Amino acid sequence: MFGTAKQWAIAAYKAAMSGIVGGNLASLSFLRHPRSMVAYWQHCMFTWQLASGNGLPQVQLHDLLPVEEITDVTILPTSGNFIPWDSSFAKDAMYLSLICRAIHAKQVFEIGTLYGYTAFLLALNTSESARIFTLDIPADAGLALNATISDVATRIANYKANQLIFQGSPVEGKITVLKGDSANFDFSRWYGQIDVFFIDGSHSYEYVKSDTEHALKCCHSGSVILWHDYGRWGVNGVSKYLHKLSQQFPTLSRLPGSSMAVLRVP
Ligand SMILES: C[S@@+](CC[C@H](N)C(=O)[O-])C[C@H]1O[C@@H](n2cnc3c(N)ncnc32)[C@H](O)[C@@H]1O
C-alpha cells in the first residue's frame, strides 16, 4: 500500500542526489522544514534540467500550433495539490488551456481526475458542444500495474476528496466522470475520436506506458497528447518512458518552463 522497499530506496536516493547536486546555501533556511527543503531541491533539479536542455527537445507552443489567434483563455486559481510557489504548475495549466483552444478540441480525454481541477480547466477552454471525459480509479480498487509511492499518496488524497470542483458550475454538463483503472479500462468507444488526450494518472513507468498506448489508439492524426510531470524529480517514470518513446516519435517535445511533454500525433 505504501510503496515497496525498492521505491522508498529510490525516493531516498533521489532526495539525497537532489540535495547534493541541486541544493544550495539558500536551502539551509528550510532546515526546520525538511519536506520544504526536499521540494526546493527537487525544484532546483527540475529547473536545472530545463536550463541545461537535457532530455526532450523544447518546442515553443507557437511553433507547434496556431496560438497567435487566441485572444481569450480561462484560468482558475491553482488547486490545493499544486505547490503554490512553483510557477511551472501555472504554466502547465496555461499550456493545457491554450492547446484546447488552438485546436478547437471537441473531445478531450483525461486520465487522473483528483479534485477535477484540470477537467474544469479543459471544460472552460473548449466550446459549449465539446465533451470532456475524465477517468480516475475507484477508492477501493486494486492496481493492475506497479505504481509509485507518490501515486499512493495522491490516491489517499483522492479518497478524501468528496467533491469535484466543477460541480455546480455552468460547464459541469460537459464533463463525464469515469471510474476504472486506466490499465484495464475499455477505451474502445473513444478510438480515433479524441482531439486532446491528457495523461496525469499514475506516474510509474508501467502505467505511463500503458496510458500512452491507450491514448495513441484514442487519438487521430493531428490530435495532441500531453503528459504531466515530465522532468519532475522524485519517484516518477514519466521521463524515463518518454525518453524511450521519443525514439519512435522524434517530434515528442517539452513545453518551455513547464512539466508538460507534448506530441502532435503524426
Ligand atoms: C496527479 S492526480 C491528477 C490531478 C488532476 N489531473 C489535476 O491536476 O487536477 C493523479 C490522479 O490519478 C489517479 N490515478 C492513479 N492511478 C490511476 C489509475 N491506475 N487509473 C486511473 N486513475 C488513476 C489518482 O487517483 C489521482 O486522482
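This report covers the domains, nonpolar cores, salt bridges and two loop residues of a predicted model.

## Two domains and their interface

The domain assignment splits the chain into domain 1, residues 1-54, and domain 2, residues 59-264. Their centres, taken over C-alpha atoms, lie 24 Å apart. The contact between them involves 17 residues of domain 1 and 19 residues of domain 2.

The size of an interface is often given as the accessible area lost when the parts come together. Here domain 1 and domain 2 bury about 1600 Å² between them. Carbon and sulfur atoms account for 68% of that area. On the side of domain 1, Gln7, Lys14 and Phe46 lose the most area to domain 2. Together these three make up 34% of what that side buries.

## What crosses the interface

Zero salt bridges are found across the interface of domain 1 and domain 2. Polar contacts do cross it: three residue pairs are found, with both residues at pLDDT 80 or more. Two helices of domain 1 each give two or more residues to the side that touches domain 2. They are helix H1 (5-22) and helix H2 (34-52). H2 gives the most, with eight residues.

## The nonpolar cores

The largest nonpolar core has 33 residues. Leu61, Ile99, Val196, Leu226 and Leu255 touch the most other members. Four elements each supply at least two residues of this core: helix H4 (88-102), helix H5 (117-124), strand S4 (194-199) and strand S5 (219-227). H4 gives the most, with seven residues.

Take Leu61 as an example. Leaving out residues up to four places away in sequence, Leu61 touches Val67, Tyr95, Leu98, Ile99 and Leu255. Apart from this core lies another, of 28 residues. Its members include Leu56, Phe187, Trp227 and Ala261.

## A buried charge network

The structure holds three salt bridges. One of them pairs Arg232 with Asp92, with the closest N and O atoms 3.0 Å apart. Arg232 sits in the loop between S5 and helix H8 (238-248), and Asp92 sits in helix H4, so this pair ties together parts that are 140 residues apart in sequence.

Arg232 also forms a salt bridge with Asp229, again with closest N and O atoms 3.0 Å apart. Shared partners join Asp92, Asp229 and Arg232 into one network. Are these residues buried or exposed? Arg232 counts as buried, at 13% relative accessibility. Asp92 is buried, with a relative accessible area of 2%. Asp229 is buried too, at 12%.

## A salt bridge within helix H7

Another salt bridge joins the side chains of Glu213 and Lys209, at 2.9 Å from N to O. Both residues belong to helix H7 (residues 205-218). They are four residues apart, so about one helical turn separates them. Glu213 counts as partly exposed, at 37% relative accessibility. Lys209 is also partly exposed, at 33%.

## Gly116, a buried loop residue

Gly116 is found in the loop between strand S1 (107-111) and H5. Its relative accessible area is 0%, so Gly116 counts as buried. What does Gly116 touch, not counting residues up to four places away in sequence? The contacts are Leu164, Ile165 and Phe166.

Thr134 is 18 residues from Gly116 along the chain. The C-alpha atoms of Gly116 and Thr134 are 8.3 Å apart.

## Asp181, a side chain that reaches backbone

Asp181 lies in the loop between strand S3 (175-179) and S4. Asp181 counts as buried, because its relative accessibility is 6% and the cut-off for buried is under 20%. Which backbone nitrogen does the side chain of Asp181 reach? That of Ala144, at 2.9 Å.

Ala144 is also one of the contacts of Asp181, when neighbours within four places in sequence are set aside. The others are Ile137, Gly142, Leu143 and Tyr207.

Technical notes
Residues are numbered from 1 along each chain as its sequence is written. This is a predicted model: local features need pLDDT of at least 70, side-chain atom pairs count only at pLDDT 80 or more; totals for chains, interfaces and linings use all residues. Side-chain values use heavy atoms; hydrogens and water are left out. A nonpolar core is a set of buried Ala, Val, Leu, Ile, Met, Phe, Trp, Tyr and Cys residues joined through side-chain atoms within 4.5 Å. Buried means under 20% relative accessible area, exposed over 50%, partly exposed in between (1.4 Å probe, protein chains only). Contact means heavy atoms within 4.5 Å. Domain bounds come from an automatic or database domain assignment. Buried area is the accessible area (1.4 Å probe) that two parts lose on being put together, summed over both. A salt bridge is a side-chain nitrogen of Lys or Arg within 4 Å of a carboxyl oxygen of Asp or Glu. A polar contact is a pair of N or O atoms within 3.5 Å; within protein, one must be able to donate a hydrogen and the other to accept it, and residues adjacent in sequence count only if both atoms are side-chain atoms.
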